[in-house]
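Here is a quick tour for anyone meeting this protein for the first time. Take a look at the model, then read on.

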Amino acid sequence: MNTPYPFTAIVGQDDLRLGLLLNAVSPAVGGVLVRGEKGTAKSTAVRALAALMPRVAVVQGCRFSCDPVSPDPACPDGPHPAAPGVARPARTVELPVGASEDRLVGALDIERALAEGVKAFEPGLLADAHRGILYVDEVNLLHDHLVDLLLDAAAMGASYVEREGVSVRHAARFLLVGTMNPEEGELRPQLLDRFGLTVEVAASRDTDLRVEVVRRRLAYDDDPAAFAAVWADEENALRARITAARALLPRVVLGDGALRRIAATCAAFEVDGMRADIVMARTATALAAWAGREEVTADDVRQAALLALPHRRRRNPFDAPGLDEEKLDETLRQAAEEEDRRDERRGDGGPGPDSDSDSDSDRDPDPDPDGPGDGGGVPPQGGGPEDAPPSPSEQSPSPESAGAPDGGQDGRGGPAGGEQQPVAAAEPFRTKALSVPGLGEGAAGRRSRARTEHGRTTGARRPEGALTKLHMAATVHAAAPHQRARGRSGRGLVVRRDDLRQATREGREGNLVLFVVDASGSMAARQRMGAVKGAVLSLLLDAYQRRDKVGLVTFRGRGAELVLPPTSSVDAAAARLETLPTGGRTPLAAGLLKAHDVLRVERMRDPSRRPLLVVVTDGRATGGPEPVALAARAGRLHAAEGTTSVVVDCESGIVRLGLAAQLARDLGGAAVTLDELRADSIAGLVKDVRAAGRAA
């Protein structure tokens with residue numbers, strides 16, 4: 001048996017260790033999500049925690065680890081007779097990223113259930129983790145439906161497996177620990193909320209600490225047993241402290257004052273729902289027990305907020321988790337002052353805590369007369385950027401300039417030949433749904449049609465390997481003609497393995513959305529580039545919601561650049577977009593060829609993930625000999641390989657050249673204007689109505 005790295009030998013990472021220990025003291029806290037860069041002892045700490053957990057008594061032979069004192073009455077291996085149990089160490093069960101649903105929740109033998117009426121159930125990882133630790137490394141890369149099943153089981157303390165009317169339930173209470181590297185993509189906010197606590201970890205920049213980390217790791221690798229023996233006393237002391245804190249926990253008092261501080265904090269930070277309040281209360285109670293106290297203090301509430309609220313503050317995928325500690329301290333101070341005033345009123349015989357009246361001294365003596373309300377505030381009177389006339393670079397070019405250097409520039413950058421500073425993106429909006437035609441087989445998502453494990457049933461086929469989704473009608477239809485030959489005499493249907501049919505289902509897949517963005521001088525006008533960035537940001541939000549991978553190619557000046565290789569981290573793409581500079585010529589062909597190279601590599605890496613190419617440009621091409629012809633040939637190269645393409649036409653002004661539409665024809669794709677890209681666009685609605693009329 002491998003000797004785990006001692007928990008007490010971990011250098012630094014105080015928040016990580018505290019979050020894990022609080023869950024060991026009170027599993028009701030709801031687990032912990034560990035976010036951080038590579039190589040920061042995330043996995044090491046989780047595996048080391050298992051050695052500190054108290055041993056558990058289980059019913060001998062029970063595959064579901066029932067407690068002999070109070071066995072689960074619904075245990076599939078039950079009922080259990082009264083008998084002494086056996087003690088074993090708490091388990092740490094790891095859930096691989098590529099695990100199937102049956103591996104997680106367990107599998108039913110459908111053939112035996114149909115033919116014999118027997119619930120033959122093979123337990124999954126949730127059963128193995130009962131009364132132990134369930135560790136999910138890279139939880140952000142786990143399929144969404146598996147995360148949903150995992151968090152549902154963690155919240156209910158039980159796992160339910162249902163297959164075609166056959167149902168099995170078993171207890172599944174465990175300490176849930178997930179780790180993730182935010183660079184590889186974020187979890188959805190609603191999934192983040194299901195983790196009780198979150199901690200951020202990063203490698204120390206202190207030289208002495210880094211030296212000590214390396215020294216200890218080398219010593220452990222040389223002789224794990226000898227290294228663990230050195231830390232045995234510290235490990236035993238910490239194990240005893242966990243046991244004592246667990247025993248103290250039921251006696252800890254969470255007073256009304258602490259509860260009001262918790263409620264005031266959650267309200268001040270505008271977290272959704274009530275889960276944050278409940279988790280903060282449980283965490284503050286665990287903190288008091290860990291400190292050996294029988295009453296929750298203000299410091300416990302503050303520490304609980306720092307652990308329980310940061311990941312619940314995200315409002316969209318581009319918000320970084322975090323908590324403003326100055327605002328937290330101010331909120332707690334105000335809550336304490338309000339509590340003092342309530343105590344004074346009680347002492348003076350004044351209005352009780354349920355009274356709606358406040359003394360005049362508690363009211364704002366000088367409310368803002370210009371604040372919200374009737375007549376409050378004066379609307380701006382023009383002069384803003386949106387009221388300014390279009391700059392010369394926004395005027396529609398003449399047809400003769402379409403293949404020439406960008407007007408008003410010297411071919412090296414902006415109007416004076418230099419690169420222009422990045423501009424802020426306009427407000428994002430809800431976009432129209434863009435999809436890849438046909439039926440794919442890629443990773444589960446929400447964009448294009450695909451054959452998936454989840455979705456509506458479209459047919460049946462013979463199973464290849466283990467049966468996962470039974471098509472009942474097709475199975476009965478296959479078995480019915482053979483009943484007399486098989487000697488059927490009773491009411492039951494005689495079913496053989498050859499009769500079983502797997503349901504084929506159709507759902508949605510995630511795609512690779514590769515953005516090719518024109519950052520040349522023709523896009524450099526501030527208002528125009530802001531609108532373009534707003535459109536790309538809107539498409540990135542859409543890609544996040546549809547579970548896509550994204551990549552970003554930009555072209556300007558003398559060539560094209562892969563700013564962001566394909567990744568699941570949509571917020572990384574948004575960060576690159578924010579700092580995108582503009583200026584120079586328009587090497588459109590270079591951008592398209594760079595995109596072709598990227599897609600060629602990605603097809604080899606992940607053949608099942610179908611690409612969607614989104615080109616954001618006004619269609620102009622400049623620089624080098626025959627730039628327009630080169631761009632057309634590059635577009636036809638994508639069309640020849642069947643890449644689904646969409647050109648977002650950024651051309652503005654009264655006179656339009658239609659160059660983006662021509663590029664779309666070369667790509668074999670569609671062209672939409674910035675206005676038509678909006679889901680609520682009137683122009684797009686008219687276009688759809690006209691298309692429907694022509695089809696009729």
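How many helices and strands are there in the protein? The protein has 21 helices and 20 strands, where helices (H or I, at least four residues) and strands (E, at least two) are DSSP runs, numbered from the N terminus. Before going further, note that this is a predicted model, in which local features need pLDDT of at least 70 and side-chain atom pairs count only at pLDDT 80 or more, while totals for chains, interfaces and linings use all residues. Residues are numbered from 1 along each chain as its sequence is written, and side-chain values use heavy atoms, with hydrogens and water left out.

**The overall picture**

Of the protein's 696 residues, 46% count as buried; buried means under 20% relative accessible area, exposed over 50%, and partly exposed in between (1.4 Å probe, protein chains only). The accessible surface adds up to about 34400 Å², and carbon and sulfur atoms hold 52% of that. Those areas come from the Shrake-Rupley method with a 1.4 Å probe, and for residues only the protein chains shown count as cover. As for contacts (heavy atoms within 4.5 Å), take those in the protein with a separation of 6 or more: residues 24 or more positions apart account for 78% of them.

**A five-stranded sheet**

Now for a sheet. It is open, has five strands in the order E4-E7-E10-E1-E11, and its pairing is parallel. Two strands pair if DSSP finds at least two bridges between them. Strand E4 (92-94) and strand E11 (197-201) sit at the edges with a single partner strand each, so one side of each has no neighbour in the sheet. From one strand to the next, the twist averages 20°. Angles like these run from 0 to 180 degrees between N-to-C directions, with axes being lines fitted to C-alpha atoms, for helices over the stretch in contact.

At one edge, E4 pairs with strand E7 (residues 133-136) in the parallel sense over three bridges, and Thr-92 stands opposite Ile-133 in E7. Two helices pack on this sheet. Helix H1 (residues 14-25) touches strand E1 (32-36), strand E10 (175-180) and E11, and its direction makes about 155° with that of E11. Helix H2 (residues 42-50) touches E1, E4, E7, E10 and E11, and its direction makes about 170° with that of E7.

At the other edge, E1 and E11 run parallel and are joined by five bridges, with Val-32 opposite Leu-197 in E11. E11 is mostly covered, as four of its five residues are buried.

**The nonpolar core**

A nonpolar core is a set of buried Ala, Val, Leu, Ile, Met, Phe, Trp, Tyr and Cys residues joined through side-chain atoms within 4.5 Å. The largest one has 63 residues, and those with the most contacts inside it are Phe-7, Leu-20, Leu-49, Val-177, Trp-290 and Leu-309. Helix H12 (residues 275-290) gives the most to this core, with 10 residues. Leaving out residues up to four places away in sequence, Phe-7 touches a list of residues including Leu-20, Ala-45, Leu-49 and Glu-235.

**A few residues to look up**

Is His-638 buried or exposed? His-638 is buried, at a relative accessible area of 1%. You'll find His-638 in helix H19 (residues 627-640). Setting aside neighbours within four places in sequence, its contacts include Leu-592, His-596, Thr-643 and Leu-667.

There are zero disulfides in the structure, a disulfide being a pair of cysteine sulfur atoms within 2.5 Å. Cys-62 is in none, and the nearest cysteine sulfur, that of Cys-75, is 3.7 Å away. Cys-62 is buried, with a relative accessible area of 11%, and Cys-650 counts as buried too, at 2%.

Two arginines have a positive phi, and here is how they line up:

| Residue | Phi | Loop | Relative accessibility |
|---|---|---|---|
| Arg-131 | about 70° | between helix H5 (125-128) and E7 | 24%, partly exposed |
| Arg-547 | near 65° | between helix H16 (526-545) and strand E16 (549-556) | 16%, buried |

One more arginine to find is Arg-333, in helix H14 (residues 325-347). Arg-333 counts as partly exposed, at 38% relative accessibility. Its C-alpha atom is separated by 9.7 Å from that of Ala-298, with the two residues 35 apart along the chain.
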